[in-house]
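The following exercises concern a predicted model. Each task is followed by a solution in steps.

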Amino acid sequence: MSDTNNVLVEVENLKKHFSKGKDMRGRDTSLLKAVDGVSFQIRKGETFGLVGESGSGKSTVGRCLLRLYDYTDGEVRFAGQPLGGLGEKQLKPFRRRIQSIFQDPYSSLNPSLNVLELISEPMKIHGLHRGSERKEAVLELLTKVGLKPEHLYRYPHEFSGGQRQRISIARALSVRPEFVVCDEPISALDVSIQAQVVNMLEDLQAEFGLTYLFIAHDLSMVRHISDRIGVMYGGRLVEVAESDELYDNPLHPYTKALLSSILETDPRKAGERIALDGFSVSRGEGEAAPLREVSPGHYVAYDFTE
Amino acid sequence: MTQRLLTVDNLKVSFAAREGENQAVRGVSFHIDAGETLGIVGESGSGKSVTAKAIMSLIAPPGRITSGEITLGGTSLTGLSEKEWRRLRGNRIAMVFQDPMTSLNPVKTIGQQLTEVIRRHRGLKKDAAYAEAAELLRQVGIRDPEQRLKQYPHEFSGGMRQRVMIAMALSCKPELLLADEPTTALDATIQAQILDLFKDLKANTQTAVALITHDLGVVAQVCTRVIVMYGGLIMEEGTVEDIFYRPQHPYTIGLLRSLPKRGGGSRERLVPIEGTPPDLLNPPPGCPFMERCPHAHARCASLPPVTELAPGHRTMCWLAVEQQEKAAAGSEGGNAE
């Protein structure tokens, strides 16, 4: 993949295996290969979408990028620096530069902290905006995410799901990150609120020059927000392409089946659905086909010779 | 012509809270015809699930039905005893819930749970009930049903469990099936399979389905008629074509516009509905959508009446009222000349 100087995040042959059981000597008896050899790059300022079904490993990839998990094998480089071997102390500056927004706005905010404390906590940890400046900075962020100054001393339970997600976003942005991992940030929200949050994420991206990894299963929203999209299946990346290219010209049979399951919001257009029976790339079975570039920027892991 | 199966008239449900009454449903009237699939759309807190639970008489304290009349096939359902309800529930009216992970008993086999319903309501003997249960599983697309009947819920995936729930709901050939977000917890590919099941149901049986969802894609693909709920009231009602091609209510229009467009120019900015839904503890006296509505004006401070735009296409909005007033004034003027 070309364009190396523009790359912010580089994932190379990432593997994360979980132990499903151990024998009496403490050796793993069986492994769950949640992520099994995934490579992709995210360029500065772009939104990279990651789609797949539950269990495909997309959230695990996100968590590995945040170093919430130590990975089994492979490497993640952020701005050229490998993160895998770093200790917690060396990692701290990267913890500031890489932030996250999670799916559930109900469980991802500490219920005993008010909005001011929630948003200023990351600033405190990373030593940004000392003294009275800090409150100013929080207020400025609040207005950026569409909340009001009077919300400053309220607690999470006083807010709706959409507002809580706005607080999570303000909290993530409080330390001026460069890269934000958004793990299903809108799935828990109502349709009328989803569009508000998506628009806000796009505005903030333009303003702060953010790079996003956008993990979701809502295929039409992913297409809307992403520049490029990777499709995951069984812990592997089966196809990567520009988002319009992927939706207009899917090559991998799984991508085709997945896209055919999008429900048209138009009663006259009943899509032809492709069934998913007898699928070839199953988890952990033999060697999967590697990603190959079939047209500029369009990669697919599928052997078309059959 | 089609037969009225269920009518709901001016249903009101409220939940007692410390701060007062939470009026979840504030006067809802609609009907379901035999064999049709009705979509009930709305966001969380719009009262769609509470409406379904009220139909099943599953509202538990602190909630209660404060007014309204529900009839099924001409007989009133309000004021039935719990004993009479037990004969009805699962038999003439069945329900499928959102979460297939928690709605099956984990310590009983699928067979035990399926045959329990069949034996209770249809009075079959054990062997006959098991044969019938296997047939039901086959109908909902589960392979090797005899083996599957001996398994426990944890041996089934989410999509398979939802199929079991649907098989169970259909086991007594109900006249009405209430499905509360049956595909929300499922993956896109599995969701499409379950929806195909509902389409088959529509084509092959006389069972009427009320499909509660917040996903407009589901509605467009499966339903024949739609009710759009907001703030405990029905904002608009019509056929799928009415709602998707001729929406009148600003809320319906807003919902449709907030979805990403398919096709070219996918980075086009979304058009969200600004603001948040109303607080139902202290609901506004007028139109619940007033605060977020781009067309709100002075009249919206009082509750608009329901206007019929075309046969079966009803909306609750002052704009429609004003349009009809204008049309009426125009035609009167024409007559006078």
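**Exercise 1.** Identify the residue of strand 2 of chain B that is the bridge partner of Ser14(B), and place the pair in its sheet.

*Solution.* Step 1: the bridge partner of Ser14(B) in strand 2 of chain B is Gln23(B). Step 2: strand 1 of chain B, residues 4-17, pairs with strand 2 of chain B in the antiparallel sense, over eleven bridges. Step 3: these strands belong to an open, antiparallel sheet of four strands in chain B, ordered 2-1-4-5. Step 4: strand 2 (20-33) and strand 5 (75-76) of chain B each have a single partner strand and stand at the edges, so one side of each has no neighbour in the sheet.

**Exercise 2.** Determine which strands of chain B helix 1 of chain B lies across.

*Solution.* Helix 1 of chain B (residues 48-55) lies across strand 1, strand 2 and strand 4 (63-72) of that chain. Its direction makes an angle of about 115° with strand 1 of chain B.

**Exercise 3.** Describe the interface of chain A and chain B, beginning with its extent.

*Solution.* Step 1: chain A contributes 38 residues to the contact and chain B contributes 40 residues. Step 2: about 3500 Å² is buried between the two chains, with carbon and sulfur atoms giving 50% of this area. Step 3: one salt bridge is found across the interface; Asp203(A) forms a salt bridge with Arg269(B), with the closest N and O atoms 2.9 Å apart. Step 4: seven residue pairs are in polar contact between chain A and chain B. Step 5: helix 6 of chain A gives the most to the side of chain A that touches chain B, namely ten residues. Step 6: by class, that side of chain A has 13 nonpolar, twelve polar and 13 charged residues.

Key. Residues numbered from 1 in each chain as written. Chains lettered and ligands numbered in written order. Predicted model: local features only at pLDDT ≥ 70, side-chain atom pairs only at ≥ 80, totals over all residues. Heavy atoms only, no water. Contact = heavy atoms within 4.5 Å. Buried area = accessible area lost by both parts, 1.4 Å probe. Salt bridge = Lys/Arg side-chain N within 4 Å of Asp/Glu carboxyl O. Polar contact = N/O pair within 3.5 Å; in protein donor to acceptor, adjacent residues only side chain to side chain. Helix = DSSP H or I, 4+ residues; strand = E, 2+ residues; numbered from the N terminus. Nonpolar A, V, L, I, M, F, W, Y, C, P; charged D, E, K, R; others polar. Pairing = 2+ DSSP bridges. Axes fitted to C-alpha atoms, helices over the stretch in contact; angles between N-to-C directions.
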